[in-house]
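This note is addressed to a colleague who is beginning to read protein structures. Please keep the sequence and the model in view while working through the points.

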Amino acid sequence: QFPFGRRLPCDIYWHGVSFHDNDIFSGQVNKFPGMTEMVRKITLSRAVRTMQDLFPLEYNFYPRSWILPEEFPLFVDEVRMMKDSDPSWKPTFIVKPDGGCQGDGIYLIKDPSDIRLTGSIQSRPAVVQEYICKPLLVDKLKFDIRLYVLLKSLEPLEIYIAKDGLSRFCTEPYQEPTLKNLHQVFMHLTNYSLNIHSGNFIHSDNVNTGSKRTFSSILCRLSSRGADVKKLWSDIISLVIKTIIALTPELKVYYQSDIPAGKPGPTCFQILGFDILLMKNLKPMLLEVNANPSMRIEHEQELSPGVFENVPSPVDEEVKVAVIRDTLRLVDPQKKKRKDVQRHVESCKTTVNVRYNYVLWYRCQTLEEASEAKEEAREAGAGDGGERGGSRSPEAGLPSLCLKQVFPKYARQFSYLRLVDRVAALFIRFLGVKGTTKLGPTGFRTFIRNCKLSNSNFSMASVDILYIDITRRWNSMGIDHKESGMGLQAFVEAFFCLAQKKYKSLPLHKQVASLIDFCEYHLAALDEKRLVCGRG
């Protein structure tokens, strides 16, 4: 720890809350710029909604959401329409403050008129969602799952999921919401920070019992009842990958702003906490994503009035120690060096076997150097585990990795969803000034001109009107007043609008994909032309 500042560079920087150090020029940081902002409830809801517009079936794991206060009239109208079309529909909604955490400020309502609009919602925006009334119950209790996800790299995208997580239980038997029980937080809200204050909360030394258990213990129980646990895991992996695909476009904008391309800077990784609820039919639903999941492995226990002691929590320790240990194993800067040494040794061995010593002399200078390289590998502990060629790896005594790679392992199944990533690449190209996150009117006009999007039906005057209308509306929502101009979400809306104008008969995702191809084609031609002119 460096309470008074840091003098020497480090291999790994472990920040407490967010990426905030502008003096890092190398190494790896455990936070991505902008991640805290991106997983706030409103920003996450907007990002997922964009993907729901493109791929509604693929993103049906996130509850229907409205953003307050600006979408309150829309919320009222849509609920009234749905009730008119289905009089038997008796919905419940959950209101979550945008910047809230640990259950702070969350409450349930049965009707839009119950929202507490006086004062607080204006100063503290919120998301209102359809409440999941039929969750899976264990021991008659509602619970959620906290899964730990490592975003190891943004470009190229690399995602790992911990093989075990935490199951956090409510402390009162669940009943479907009624006007009488809406306010019983220990029945409806799974937040550990709330339920720990319940007289029914059970601290257990056993990972299979108590108010906090391992997710693997729940899976074992479900498997014994005949549930398809493999399919459940597959659905959870799909949910995680799709959620991160929804977040990456804006994260790339933040990243290029804090760490511009071509300048020295660190690489980033981050452990995220995914909160997931299982429905009665075992369908996983995303509740939220936490940029700073708690890594505490103990809890406070009151010994006598006002006297507390920290007591170890076996469940937290089993899950969280493995996550942090294996995150460090995966980002270990020495690991790459050991792999490079091992490749060098293997290369030398292959050359000896195939081309004999005279070729080995060319590849490795001398047999003595090959021997030295082998000795280096032994000292560095080349390889990922076990013993190889007599050299013992530093990881040989550690358990197998608890983090499972899911991307790029399953990239082929999900690559078609990454349309907004490509839109973000166009946005970043035309930002102009390095370090900015907003596109000015000149940049937007240049984008239209270079991509050949203006014509007799869509003049540059119409381009300016489109820019002004969308930018003004997004800025009026109070999204970000630090810079003037068009942010990525506003640009995405403008891009969708252009795609719908140009390709009227196609579904939205095909309209957007067609316009991306069109833009990329013209920009590639322009780049080629500039390259030829440069050579000339």
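The numbered points below concern a predicted model and take up its cavities, one pair of helices and some features of its backbone.

1. Enclosed space. The model contains four cavities of 30 Å³ or more. The largest cavity holds about 120 Å³ of space, and the second largest holds about 100 Å³.

2. The wall of the largest cavity. Its lining consists of Met38, Ala47, Thr50, Met51, Ala246, Pro249, Glu250, Val420, Leu488, Gln489 and Val492. Sorted by class, eight of these residues are nonpolar, two are polar and one is charged.

3. The origin of that wall. Three helices each contribute at least two residues to the lining of the largest cavity: H2 (41–54), H8 (229–258) and H16 (488–502). In terms of domains, at least three lining residues come from domain 1 (8–59 + 135–338 + 400–413), and at least three come from domain 3 (417–534). The reader may wish to locate Met38 and Val492, both of which belong to this lining.

4. The second largest cavity. A total of 14 residues line this space, and those nearest its centre are Ile202, His203, Ser204, Lys212 and Ser313. Helix H9 (residues 314–331) gives the most to this lining, namely three residues. Here the classes are five nonpolar, seven polar and two charged residues.

5. A helix pair. How far apart are the axes of helices H14 and H15? Helix H14 (residues 441–450) packs against helix H15 (residues 460–476) with the axes 10 Å apart and at an angle of about 130°. H14 is therefore oblique to H15. The crossing of H14 past H15 is right-handed.

6. Two cis peptide bonds. Most peptide bonds are trans. The bond from Leu68 to Pro69, however, is cis, with omega near 10°. Pro69 lies in the loop between strand E3 (65–68) and helix H3 (72–85). Phe407 and Pro408 are also joined by a cis peptide bond, for which omega is about 15°. Pro408 belongs to the loop between strand E19 (403–407) and helix H12 (411–414).

7. A positive phi. Most residues other than glycine have a negative phi. Which sign does phi take at Asp139? Asp139 is not a glycine, yet its phi is positive, at about 55°. Asp139 is placed in the loop between strand E7 (137–138) and strand E8 (141–153).

Note on methods:
Residues numbered from 1 in each chain as written. Predicted model: local features only at pLDDT ≥ 70, side-chain atom pairs only at ≥ 80, totals over all residues. Heavy atoms only, no water. 1 Å grid on protein atoms, 1.4 Å probe; cavity = no way out; pocket = protein on both sides within 12 Å on 5 of 7 lines; lining within 4 Å. Points joined across faces, edges and corners; volume = space filled by probe spheres on them. Helix = DSSP H or I, 4+ residues; strand = E, 2+ residues; numbered from the N terminus. Nonpolar A, V, L, I, M, F, W, Y, C, P; charged D, E, K, R; others polar. Domains from an automatic or database assignment. Axes fitted to C-alpha atoms, helices over the stretch in contact; angles between N-to-C directions. Parallel < 35°, antiparallel > 145°, perpendicular 65-115°, else oblique. Left-handed = near helix turned anticlockwise from the far one by under 90°.
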